[in-house]
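Trainee: Please take me slowly through one part of this model, the charged side chains that pair and the elements that surround them. I would like to follow how each piece leads to the next.

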Amino acid sequence: MAFIFIKAKHGKGAAQSGRHTHSGGAQRAASLWKQALLTLLIFIALLALIGGALWQNICYNRTHYTAEFYQIHSRKLTQSCRVVFLTDLHLREYGQDNCELVQDIRSLVPDLILLGGDFVTYGEGTNYDNMLSLFRQLSEIAPVCGVLGNHEDELYFLDNDRELVEKFTAAGVTVLRNEEARYTIHDNVISILGVEGSPADFSNYGASTFMDSVEPQTDYDLRICLAHVPTYFPEHLENYSFELGLAGHTHGGIVRLPKIGPLYTAEEGFLPDYAGGSYTLANNATLIVSRGLGDSSWAPRINNVPELSVIDID
């Protein structure tokens with residue numbers, strides 16, 4: 001009987017132990033499932049927050065811009081001069097008929113308004129009356145001159161819009177196509193050089209000949225060089241004499257990473273050197289690359305507010 005009693009006790013204990021093991025495994029599985037679900041919900045919430053912040057940033061960058069102020073010094077100027085630089089607007093409007101943009105520029109009281117090109121967008125037709133209206137309004141504030149961008153060149157050469165330059169000129173813009181314009185401001189002679197095309201065009205379409213022809217000149221107090229593409233300067237233009245270079249084209253690198261800077265440009269690839277800001281060239285001139293005021297592609301600006309550049313020279 002003792003043997004039977006021991007065996008029965010052993011069998012009962014095994015059954016209880018089995019039930020306890022099954023119950024504990026189920027509890028652990030339920031706990032793991034809850035932890036996984038909670039982790040998933042937190043991850044989804046974080047993605048939603050990040051996505052919402054990105055969308056808000058993208059929307060803001062489509063409707064707002066900032067005025068970026070730069071200060072440079074000139075050895076020969078007897079009085080300070082303020083230049084407002086606009087580039088890469090791409091048909092965008094800030095307020096009806098760009099009234100907000102015009103009002104802001106008027107309040108800045110510039111001595112010169114310079115343009116960096118790409119005010120139209122190739123592929124969207126030849127109706128750019130809103131830009132012509134903007135130019136007419138700007139020309140009532142200060143002298144306006146500038147260069148064409150690659151989108152104007154494409155409209156001009158590929159879509160055969162041969163009236164483009166005439167329309168810009170009639171609206172009050174002095175268009176510089178490998179040309180110089182001079183302005184006397186506060187008794188100071190300011191020379192503006194406008195170089196057309198891209199760095200690859202330098203020796204082919206007159207830019208090299210033009211820059212060589214004006215290099216010996218010294219009868220000015222300040223010289224500014226305009227080119228649409230910023231890499232034009234380190235590749236070719238910094239071999240010439242001027243104090244300030246202005247460019248656009250890169251749209252600030254489209255995405256600007258915190259503490260790193262611009263992400264990508266077509267000319268330089270990832271982490272470009274010339275995609276927004278102030279740089280010192282080999283000829284000791286200051287190069288200012290504007291992030292521009294608009295967009296021309298599907299890629300949205302992220303952490304990259306459009307820019308109206310304001311340069312004070314003293």
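**Charged pairs and their surroundings**

Mentor: The side chains of arginine 291 and glutamate 68 meet in a salt bridge, at 3.2 Å from N to O. Arginine 291 belongs to the loop between strand 15 and strand 16, while glutamate 68 sits in strand 1 (residues 66-72), so this pair ties together parts that are 223 residues apart in sequence. A salt bridge here is a side-chain nitrogen of Lys or Arg within 4 Å of a carboxyl oxygen of Asp or Glu, and helices (H or I, at least four residues) and strands (E, at least two) are DSSP runs, numbered from the N terminus.

Please keep in mind that this is a predicted model, in which local features need pLDDT of at least 70 and side-chain atom pairs count only at pLDDT 80 or more, although totals for chains, interfaces and linings use all residues. Residues are numbered from 1 along each chain as its sequence is written, and side-chain values use heavy atoms, with hydrogens and water left out.

The two partners of that pair differ in their surroundings: arginine 291 has 11% relative accessibility and counts as buried, whereas glutamate 68, with a relative accessible area of 27%, is partly exposed. These words have fixed cut-offs, with buried meaning under 20% relative accessible area, exposed over 50%, and partly exposed in between (1.4 Å probe, protein chains only).

The structure holds 9 salt bridges, and a second one to examine joins the side chains of glutamate 180 and arginine 182, at 2.9 Å from N to O. Both of these residues are partly exposed, glutamate 180 with a relative accessible area of 26% and arginine 182 with one of 32%. Arginine 182 also meets the side chain of aspartate 219 in a salt bridge, at 3.0 Å from N to O. Aspartate 219 lies in the loop between helix 6 and strand 8 and arginine 182 in strand 6, so the pair ties together parts that are 37 residues apart in sequence. Through shared partners, salt bridges join Glu180, Arg182, Asp219 and Arg223 into one network. Aspartate 219 itself is exposed, at 52% relative accessibility.

The network leads us on to strand 8, where Arg223 is found. Both faces of strand 8 are covered, since Leu222, Ile224 and Leu226 on one side and Arg223, Cys225 and Ala227 on the other are all buried. With 6 of its 6 residues buried, strand 8 is therefore largely enclosed by the rest of the structure.

Strand 8 belongs to an open sheet of 6 strands, with the order 6-7-8-9-15-14 and mixed pairing. Its edges are strand 6 (179-185) and strand 14 (277-280), each with a single partner strand, so one side of each has no neighbour in the sheet. Neighbouring strands of this sheet are turned by 20° against each other on average, direction ignored. Two strands are taken to pair if DSSP finds at least two bridges between them, and angles run from 0 to 180 degrees between the N-to-C directions of axes, which are lines fitted to C-alpha atoms, for helices over the stretch in contact.

On one flank, strand 7 and strand 8 pair in the parallel sense over 6 bridges, and isoleucine 190 has leucine 222 as its bridge partner in strand 8. On the other, strand 8 pairs with strand 9 in the parallel sense over 3 bridges, with leucine 226 opposite leucine 246 in strand 9. Further along, 4 bridges join strand 9 (residues 244-247) to strand 15 (residues 286-289), and these two run parallel; alanine 247 has valine 289 as its bridge partner in strand 15.

Helix 6 (residues 207-214) lies across strand 6, strand 7 (188-195) and strand 8 (222-227), running at about 160° to strand 7. Strand 7, helix 6 and strand 8 make a right-handed β-α-β unit, where right-handed says that, with the strands pointing away from the viewer, the path from the first strand over the helix to the second runs clockwise.

Note on methods:
Contact means heavy atoms within 4.5 Å.
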